[in-house]
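Work through the exercises below with the sequence and the predicted model at hand. Each task is followed by its solution.

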Amino acid sequence: MKRCLACGCELPQDALFVLKNAPASAQDIPDAAQVRDDAGIDLSLYQCEACGLVQFDCEPVPYYRDVIRAGGFTTTMTGLRRAQYRHLIETYHLEGKKFLEVGCGRGEFLKVLTEFPVRVYGMEHRDELVKLAQESGLYVWREFPDAPDQRLAAQSPFDVFLSFNFLEHQPRPDVMLRAIHSNLAEDGLGLVTVPSLEYILERESYYELIRDHIAYYTLDTLERLMERNGFTVLEKERVTADTLSVIVRKAQLSESAVDNGTCAGMMGEVPAPVNAALGSADMASVPAGMSPASVIAQPLADGFSRVTAEVARLTGELAASGKHLALWGASHQGFTLAATAGLAGKVEYIIDSAPFKQGRFAPASHIPIVAPDDYFEKPVDAILIVAPGYTEEIAGIIRARFGDVRIMTLRSNCIETL
């Protein structure tokens, strides 16, 4: 019996969408010795009929406790974090308060936080990331919230917690949130971000799906999860096209909160699946003849058909004229696209600026990943950027360094020329 990872209720028998030949992970990137044993997997996506959360029914990736951020130091991301911190601290008068980032990686976002007049702490599960954070002068220790009553540090309780694109990896988000709740001061605050399911459906960008992101939140399902685990949502918004953000305050933990993965009593009216997917939409907005589940499934199926057809046209056109294509972005989007669109043998390589990815191979498709400088040894005629949050930044690098190259991007269901 498959159960919802947020509320514990039984999932329906029928999947919304099946992603075939998907990468088994976005971070366990095979090297030359491992690539021969690497293979794609099929991932089935479901929606809980009780709480509305859309999720895969698979086991989480082995490293779901770790935070690995290839884009943590980009100007795009540091600028966003700086703006979020400023708003949070100034709006809620948090000068001098203790901030804890749960899952801080090597401290990329904590470094930005040290610019503000607050006390900065971080916890991270992966040893080498903890050491890197400590070496940069940050107060970070190795830990992961595995139990609801776990004491996270001697400095507990904290005044504010931070969680950036980490909750979507968790097979028990309720346990994580209740552990944070028990280590937060009365009326303590939190800032949480997750990728947006609304964004995926609006743009039909099926290639955003990856096993690492075991859960797909909307503003409604994220708010519902927070409320069931002892938090009141004060602010909720999409801070970028593809990212949801909520600011929460600690409240009393509801008696209906999840316990041991079983289906607990639901508080209030159970949302219709379409409401959980699209926020303010209601049953009246569902087109005649279309079931509520189709409002989620159809954009994914349509996106798969349209994107794979566009990519096939592009690769066919370039091959016919003797030209060569590269992807930029050894991201989960790039990996999913390369594997599910059958790009092996049609793309020369994937460019990525993260040194720990270079010299390896994209999971499932096995396209080599190279550094930007490798372009000069083996130039290509066209580059397709598949890193939606960083498109303009990457395009600027290509123009400045590579000169006359055809630049395209994929950030919806069609290829754009930049």
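**Exercise 1.** Place Thr91 in its secondary structure element, classify its exposure, and find its side-chain contact.

*Solution.*
- Step 1: Locate the residue. Thr91 belongs to helix H1, which covers residues 75–92.
- Step 2: Classify it. The relative accessible area of Thr91 is 37%. Buried needs under 20% and exposed over 50%. Thr91 is therefore partly exposed.
- Step 3: Check the side chain. It reaches the backbone oxygen of His87 at 2.6 Å.

**Exercise 2.** Decide how many residues of strand E4 are buried, and which way their side chains point.

*Solution.*
- Step 1: Count. Strand E4 spans residues 98–102, and five of the five are buried. E4 is therefore largely enclosed by the rest of the structure.
- Step 2: Sort by direction. Lys98, Leu100 and Val102 point one way from E4. Phe99 and Glu101 point the other way.
- Step 3: Relate this to the general pattern. In a regular strand, side chains alternate between the two faces of the sheet.

**Exercise 3.** Identify the strands that pair with E4, and give the sense and a residue partner for each.

*Solution.*
- Step 1: Take E5, residues 119–124. E4 pairs with E5 in the parallel sense, over five bridges. Leu100 stands opposite Tyr121 of E5.
- Step 2: Take E7, residues 158–164. E4 pairs with E7 in the parallel sense too, over three bridges. Phe99 has Val160 in E7 as its bridge partner.
- Step 3: Add the connection. Helix H2, residues 108–113, joins E4 and E5 in a β-α-β unit, and this unit is right-handed.

Methods: Residues numbered from 1 in each chain as written. Predicted model: local features only at pLDDT ≥ 70, side-chain atom pairs only at ≥ 80, totals over all residues. Heavy atoms only, no water. Helix = DSSP H or I, 4+ residues; strand = E, 2+ residues; numbered from the N terminus. Buried < 20%, exposed > 50% of the residue type's maximum accessible area, 1.4 Å probe, protein only. Polar contact = N/O pair within 3.5 Å; in protein donor to acceptor, adjacent residues only side chain to side chain. Pairing = 2+ DSSP bridges. Right-handed = clockwise from strand over helix to strand, strands pointing away.
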